[in-house]
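User: I'm new to this one and would like a close look at just one part. Could you pick a surface and walk me through it in plain words?

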Protein chains: 2
Amino acid sequence: MKIGYDMNAELDREKKPLSDGQILREITDAIIEGRLSPGDKLGQDELGKVFGVSKTRIRPILHRLNEQKIVVIEPMRGAFVARPSVEEARAVNAARQIIEEGVIRAATRVARVKDLKALREIVAEEHNARLTRNGGQAHRLTGEFHCELARITGNEVVADVVRDLVSRDNLVVALYQRPNAAACSLDGHAALIDRIAEGNEDAAAHAMRHHLQDVMDSLNLGPKTGPSKSLATAFAHLRQD
Amino acid sequence: MKIGYDMNAELDREKKPLSDGQILREITDAIIEGRLSPGDKLGQDELGKVFGVSKTRIRPILHRLNEQKIVVIEPMRGAFVARPSVEEARAVNAARQIIEEGVIRAATRVARVKDLKALREIVAEEHNARLTRNGGQAHRLTGEFHCELARITGNEVVADVVRDLVSRDNLVVALYQRPNAAACSLDGHAALIDRIAEGNEDAAAHAMRHHLQDVMDSLNLGPKTGPSKSLATAFAHLRQD
DNA sequence: GCAACAGAAATCGGATACGATTTAAAGAAT
DNA sequence: ATTCTTTAAATCGTATCCGATTTCTGTTGC
């Protein structure tokens, strides 16, 4: 399809110069929510058309996603939605077991009552989301629990690292979808809070490792290839006709 | 700060299209080795001239450094060498204490004889570098020890996280380094190896926390402002006349 | 009929060009 | 003389353009 300058006439009607962060979020959401499947091509020009910007702004965004391991870039070929291997999925989970052990140990040492309260609040929200069949929200809150745990350490750097890992793990979980299994995370989180409340550092660390391992075991690590969808349909909600 | 005027004359004669990774390495090295001081401006055009490329390739590199917190980017103003505050320095060190505790615990569980050998090898190199008054090399190896420790876990993701943290900490140390103090890291590393060899996970974790704390305490956290140098002199070794 | 090859179309990576914004400097007024 | 205003210079962010590489397609040969 040939594009001309007359198209801008329609676009400026609803001024939409999306920021880089918004475009990034749109793409990541599209991937995590399954509107884009692993292996799908992310053409620079095509994405530029979708978001109404030039590929000049698309390219660095794709590189950022590449650093987050959400997309892969093959030189002179283009960008594609990452197809995380089973080994990679295991590696991310193992990394979380290693790093979040240190995190929960530190959190256990410094946790105050209000911190436990915040954690319990998140678990309660998780419970509600689960009851209302709000899978997406529940999924998000599951990650939020671990981020909040990192926040308890009072260390912004640690929180950032954990957030990145959780985000990456979210992608893995979304791709290796689990039909129903997710309740285990609720019990796991409650157990973690109890161990922290007890001030038992070793027990908390042990519980964390097992909790993450449970999440890993609940995944379906068989070969999974979803159908490829077009970029236009994946971002259909952005269109204005 | 004035720049050199004579540097761009003979650059077009050379045939050296450096890769993005090489340019990235050059800039980070220049910052960590002190050839560029915190607050120095990193002009896109100027850097492009230095490396013989267009600013198109410089910009994403600066953004990557920005994500690593080595440079800061102020919108519509430009990129500058990061000037980490004392709080930020403490935060990075604290993050390492938290995360590397998990790392050394995992490493202690799985370490084999060859792994210990590799660690001792690095310590030996550190010792040599210290003897030959090779401060830069010693400094680099100090970080390499921790990266190797992360590598023992067999987890690439963990290794990447640790590498980022070490790189960031290297910048802090380079900025707040006291003239002489650095020998403590040698003894600290040796002690860490001993604890790992003993298989004593708790002792290893304890030693790691104290080792990192020692490094922190050895810094001079008073206000420190180094002299600004020009980009031309900072990358003078790249010139070929 | 199928495989191999050649040319065309498409797309990526990079350089140049241009408007927008900030910074620096020069000039006028009190 | 100092300060405020205005104007010029520099630099950033983005769009457009161009060569290089890949992929697709149509043809040829066996």
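Analyst: **The surface near DNA strand C**

The largest share of the surface near DNA strand C comes from H3(B), with three residues. A residue counts as near a strand if one of its heavy atoms lies within 4 Å of it. Helices are DSSP runs of H or I with at least four residues, strands are runs of E with at least two, and both are numbered from the N terminus.

Before going on, some ground rules. Residues are numbered from 1 along each chain as its sequence is written, while chains are lettered from A and ligands numbered from 1 in the order in which they are written. This is a predicted model, where local features need pLDDT of at least 70 and side-chain atom pairs count only at pLDDT 80 or more, though totals for chains, interfaces and linings use all residues, and side-chain values use heavy atoms, with hydrogens and water left out.

Back to the surface. DNA strand C has 15 residues around it, and Gln44(A), Lys55(A), Ser54(B), Thr56(B) and Arg77(B) come closest. Of the strand's atoms that come within 4 Å of the protein, 77% belong to sugar and phosphate. By type, the surface near DNA strand C has two nonpolar, five polar and eight charged residues. Here Ala, Val, Leu, Ile, Met, Phe, Trp, Tyr, Cys and Pro are nonpolar, Asp, Glu, Lys and Arg are charged, and the others, Gly among them, are polar.

Now for some individual polar contacts, meaning pairs of N or O atoms within 3.5 Å; within protein, one must be able to donate a hydrogen and the other to accept it, and residues adjacent in sequence count only if both atoms are side-chain atoms. Gln44(A) has a polar side-chain atom 2.7 Å from a phosphate oxygen of DNA strand C. Lys55(A) reaches a base instead: an N or O atom of its side chain is 3.0 Å from a base oxygen of the strand. Over on chain B, a side-chain N or O atom of Thr56(B) sits 3.1 Å from a base nitrogen of DNA strand C. Helix H3 (44-51) and H4 of chain A, together with H3 of chain B, are the elements that give two or more residues to this surface.

What about DNA strand D? It also has residues around it, 15 of them, and Ser54(A), Thr56(A), Arg77(A), Gln44(B) and Lys55(B) come nearest. Sugar and phosphate make up 70% of the atoms of DNA strand D within 4 Å of the protein. The side chain of Gln44(B) has an N or O atom 3.1 Å from a phosphate oxygen of DNA strand D, and Arg59(B) has a polar side-chain atom 3.2 Å from a phosphate oxygen there. For Lys55(B), the partner is a base oxygen, 2.9 Å away. Helix H4 (55-67) of chain A and H3 of chain B each bring at least two residues to this surface, and H4(A) gives the most, with three.

Finally, the two chains touch each other too: 24 residues of chain B are in contact (heavy atoms within 4.5 Å) with 24 residues of chain A. Between them there are four salt bridges, each a side-chain nitrogen of Lys or Arg within 4 Å of a carboxyl oxygen of Asp or Glu. In one salt bridge, Glu101(B) pairs with Arg109(A), and the closest N and O atoms are 2.7 Å apart.
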